Amino acid sequence: MNRLNKPIITKETIKAMEDMSFFTHALIFDDLLIIAQKETNCFVLKTNDGLIVIDAIWPAKIVFDAIVDAIKSVGWNPDTIKKLVLTHGHVDHTGCGKYFVETYNAETYLSEVDDIFWKEHPTKPERPETWKNYQIDTYIQDGDTITLGDKTIYVYGTPGHTPGCLSYIFPVKEAGETHMAALWGGTTPPWTKNGVEQYLKSLDYFIREANNKKVDVALSNHTAIDNGLERILYSKKRMSYMPNIYIIGQDAFQKYCTVFQTLSFEMLDRL
Ligand SMILES: [Zn+2]
């Protein structure tokens, strides 16, 4: 069978990133919830001292409501949201964070470089409703950790997609066993040759670090990359005797990351 080696990203894909008529979610680990619209998703990590939201989809109240409803529907308490951790300063990730700050006083995290980038280079410069609309409390960078209760998120500086893009590795639990999950922050390579070269360097670094941390779980913040919507659907209905589709193993994680190389080489051909 001839399988695709990268997703097909069209104008429709970009348009669907703003379609808030559809949300889905699944508890994919005992302590990790994924919430998605058609193209973009966020995660909620449960600790013994509250919840950490990772990325915030899109700046609209309906998105915030969908995330909060999903948290409630798996039996967690949104009042325990303590932190909002962002991968990068694009509007489809900074998203509805303002509501987490206003409603739950969530402490916000992003790199300083991308906080400035978010303010000075909005993703949609012609649309003020998508501009930076909340403050970052804590600047984080490569080598930092974010700890809440029994969980620690490891922070990796992976510039390329944006100048201050971050990627994360953190432990998740399935039936009492700990696995290491990796989230590559910036899905697609940028539109400049230097940018793509930096992106590829960051990717090499992240793959090495993921190897050191024995990452066996591949996450994505865009559903087109990882059959995201299908993985969520499967996870919602998974029987107890069926495997967790996010646990792919250490070697498969390395293979999974080749999609980002494929996208980069394709971009270099175009530039
Ligand atoms: Zn982005």
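Trainee: Seven strands form an open sheet; in what order do they stand?

Mentor: This is a predicted model: local features need pLDDT of at least 70, side-chain atom pairs count only at pLDDT 80 or more, and totals for chains, interfaces and linings use all residues. Residues are numbered from 1 along each chain as its sequence is written. Strands (E, at least two residues) and helices (H or I, at least four) are DSSP runs numbered from the N terminus, and two strands pair if DSSP finds at least two bridges between them. The pairing in this sheet is mixed, and the order is β1-β2-β3-β4-β5-β6-β7.

Trainee: Which strands stand at the edges of it, each with a single partner strand?

Mentor: An edge strand has one partner, so one of its sides is left without a neighbour in the sheet. The two that fit are β1 (24-29) and β7 (138-139).

Trainee: Which residue of β7 stands opposite Y109?

Mentor: Start with the strands. β6 (107-110) pairs with β7 in the parallel sense, over two bridges. Opposite Y109, in β7, stands T138.

Trainee: What angle does the direction of α2 make with that of β2?

Mentor: α2 packs on this sheet and touches β1, β2 (32-36), β3 (41-47) and β4 (50-54). Axes are lines fitted to C-alpha atoms, for helices over the stretch in contact, and angles run from 0 to 180 degrees between N-to-C directions. For α2 and β2 the angle is about 145°.

Trainee: Which strands does helix α7 touch?

Mentor: α7 (residues 228-237) packs on the sheet too, with its direction at about 65° to that of β1. The strands touched by α7 are β1, β2 and β3.

Trainee: Which helix gives the most to the largest nonpolar core?

Mentor: A nonpolar core is a set of buried Ala, Val, Leu, Ile, Met, Phe, Trp, Tyr and Cys residues joined through C-beta atoms within 7 Å. The largest one has 67 residues, and F43, V53, I54, I67, A181 and A182 have the most contacts inside it. Seven of its residues come from one helix (residues 61-73), namely α2.

Trainee: Which residues does I67 contact, leaving aside its neighbours within four places in sequence?

Mentor: Contact means that two C-beta atoms, placed from the backbone, lie within 7 Å. In general, nonpolar side chains of soluble globular proteins tend to be buried together. Beyond its sequence neighbours, I67 is in contact with I35, C42 and V53.

Trainee: Five strands form another open sheet; which are its edge strands?

Mentor: The order is β8-β9-β10-β11-β12, with mixed pairing. An edge strand pairs on one side only, and here these are β8 (145-148) and β12 (217-219).

Trainee: How many bridges join β10 to β11?

Mentor: In general, strands of a sheet pair through backbone hydrogen bonds, either parallel or antiparallel. β10 (residues 166-174) and β11 (residues 177-183) run antiparallel. P171 stands opposite M180 in β11. The bridges between the two strands number seven.

Trainee: Which residue in the turn of the β10-β11 hairpin has a positive phi?

Mentor: Two residues lie between the strands of this hairpin. The one with a phi of about 45° is A175.

Trainee: Is A175 buried or exposed?

Mentor: A residue is buried if 20 or more other C-beta atoms lie within 10 Å of its own, exposed if 12 or fewer, and partly exposed in between; C-beta atoms are placed from the backbone. A175 has 8 other C-beta atoms within 10 Å, so it is exposed.

Trainee: Where is N105?

Mentor: N105 is not glycine, yet its phi is positive, near 55°. With 10 other C-beta atoms within 10 Å, N105 is exposed. Its place is the loop between α4 (97-104) and β6.

Trainee: Which residue of β10 stands opposite Y154?

Mentor: β9 and β10 pair over four bridges, in the antiparallel sense. The residue opposite Y154 is I169.

Trainee: Which residue of β12 is the bridge partner of A182?

Mentor: β11 and β12 are parallel, paired over three bridges. For A182, the partner in β12 is A218.

Trainee: Through which helix does the chain cross from β11 to β12?

Mentor: The β-α-β crossover is right-handed. That term means that, with the strands pointing away from the viewer, the path from the first strand over the helix to the second runs clockwise. The helix on this path is α6.
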